[in-house]
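Work through the exercises below with the model in view. Each task is followed by a solution in steps.

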Amino acid sequence: CIIGGEPLASPYFFKVLEQLRNIHDRNSRRIHKQQFLSITSNFNARAEIFSRYLGQLDLINKFFNLSLNASCEAIEEKAEFIRDGLNWTRFSENVNSLLQYIKKTKAAGHPARIDFSLHAAQNTFSITCVPEFLSWALELEQKNEVAVNLIQNIVSYPAHFSAQSVLSKDFSRYCHEVIKIIYRHKNKYTYVSNATW
């Protein structure tokens, strides 16, 4: 698993991918089972870096089943407010580029499994954004014809970022809306990832 800080901002990230590829290439006769590689990124990289990332995926996906995760829990201005430095337009373009890459790879009959997940950190700022975030995830899935999985984690520290610190009786309306979206969607796909709806 490669996680952050932000992997795509590290000067060593592409060297690590190259070393993984070289190790598996040299040992391909001894490694009979495809390995698993998970990469979590904020998907906020400039176009030339993200394009390089997709090019590297082309080189390593013959050795690895891939789980590619984008960290975000809101959309548009709310996402930019929650995640300091996020450029929503760039983020959404990168997500769509990756989903199109996955679609193209699967259409070409490539044997590697490539899963995509949105990794949402639920917190005091994002809790009211969940319905619109899930709706956006559904639109992504339908537009790109690629499964969009969800991974969640609950922010608990510092305490004032914990969603539980702000819950009130009014909060239930967001829960009901989220439950409706999930139930409308959950039977549409058979997911292979651990990160399901």
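The exercises that follow concern a predicted model.

**Exercise 1. The chain as a whole**

Task: State how many helices and strands the protein chain has, and give their order.

Solution:
- Step 1. The protein chain holds six helices and four strands.
- Step 2. Going along the sequence, these elements follow the pattern α-β-α-β-α-α-β-α-β-α.
- Step 3. The protein chain has 197 residues, and 47% of them count as buried.

**Exercise 2. A salt bridge between two helices**

Task: Find the partner of glutamate 132 in a salt bridge and place both residues in the chain.

Solution:
- Step 1. The partner is lysine 78, and the closest N and O atoms of the pair are 3.2 Å apart.
- Step 2. Glutamate 132 belongs to helix 5 (residues 130-144) and lysine 78 to helix 3 (residues 76-82), so the salt bridge ties together parts that are 54 residues apart in sequence.
- Step 3. Glutamate 132 has a relative accessible area of 30%, so this residue is partly exposed.
- Step 4. Lysine 78, at 38% relative accessibility, is partly exposed.

**Exercise 3. Buried or partly exposed?**

Task: Aspartate 115 and arginine 113 form a salt bridge. Decide for each residue whether it is buried or partly exposed.

Solution:
- Step 1. In this salt bridge the closest N and O atoms lie 2.9 Å apart.
- Step 2. Buried means under 20% relative accessible area.
- Step 3. Aspartate 115 has a relative accessibility of 5%, so this residue counts as buried.
- Step 4. Arginine 113 has a relative accessibility of 33%, so this residue counts as partly exposed.
- Step 5. The count of salt bridges comes to five. Another entry to look up is the one between the side chains of arginine 46 and glutamate 48, at 2.8 Å from N to O. Arginine 46 is partly exposed, with a relative accessible area of 46%.

**Exercise 4. The second largest pocket**

Task: Describe the space and the lining of the second largest pocket.

Solution:
- Step 1. The second largest pocket encloses about 220 Å³ of space.
- Step 2. It is lined by 13 residues, of which Gly5, Thr40, Ser71, Arg83 and His119 are the closest to its centre.
- Step 3. Strand 1 (35-41) and strand 3 (114-122) are the elements that give two or more residues to this lining.
- Step 4. By type, the lining of the second largest pocket has three nonpolar, eight polar and two charged residues.

**Exercise 5. A nonpolar surface patch**

Task: Name the residues of the nonpolar patch on the surface and locate phenylalanine 161.

Solution:
- Step 1. The patch is formed by Phe81, Phe125 and Phe161, which together have about 310 Å² of accessible area.
- Step 2. Phenylalanine 161 sits in the loop between strand 4 (149-154) and helix 6 (172-185).

Terms used: Residues are numbered from 1 along each chain as its sequence is written. This is a predicted model: local features need pLDDT of at least 70, side-chain atom pairs count only at pLDDT 80 or more; totals for chains, interfaces and linings use all residues. Side-chain values use heavy atoms; hydrogens and water are left out. On a 1 Å grid over the protein atoms alone, a cavity is a set of points where a 1.4 Å probe fits but cannot get out, and a pocket is an open set with protein on both sides within 12 Å along at least five of seven lines; lining residues have an atom within 4 Å of a point. Grid points are joined across faces, edges and corners, and a volume is the space filled by probe spheres set on the points. Ala, Val, Leu, Ile, Met, Phe, Trp, Tyr, Cys and Pro count as nonpolar, Asp, Glu, Lys and Arg as charged, and the others, Gly among them, as polar. Patches are made of residues with over 30% relative accessible area and no salt bridge: like charges are joined within 9 Å, nonpolar side chains (Val, Leu, Ile, Met, Phe, Trp, Tyr) within 5 Å. Accessible areas come from the Shrake-Rupley method with a 1.4 Å probe; for residues, only the protein chains shown count as cover. A salt bridge is a side-chain nitrogen of Lys or Arg within 4 Å of a carboxyl oxygen of Asp or Glu. Buried means under 20% relative accessible area, exposed over 50%, partly exposed in between (1.4 Å probe, protein chains only).
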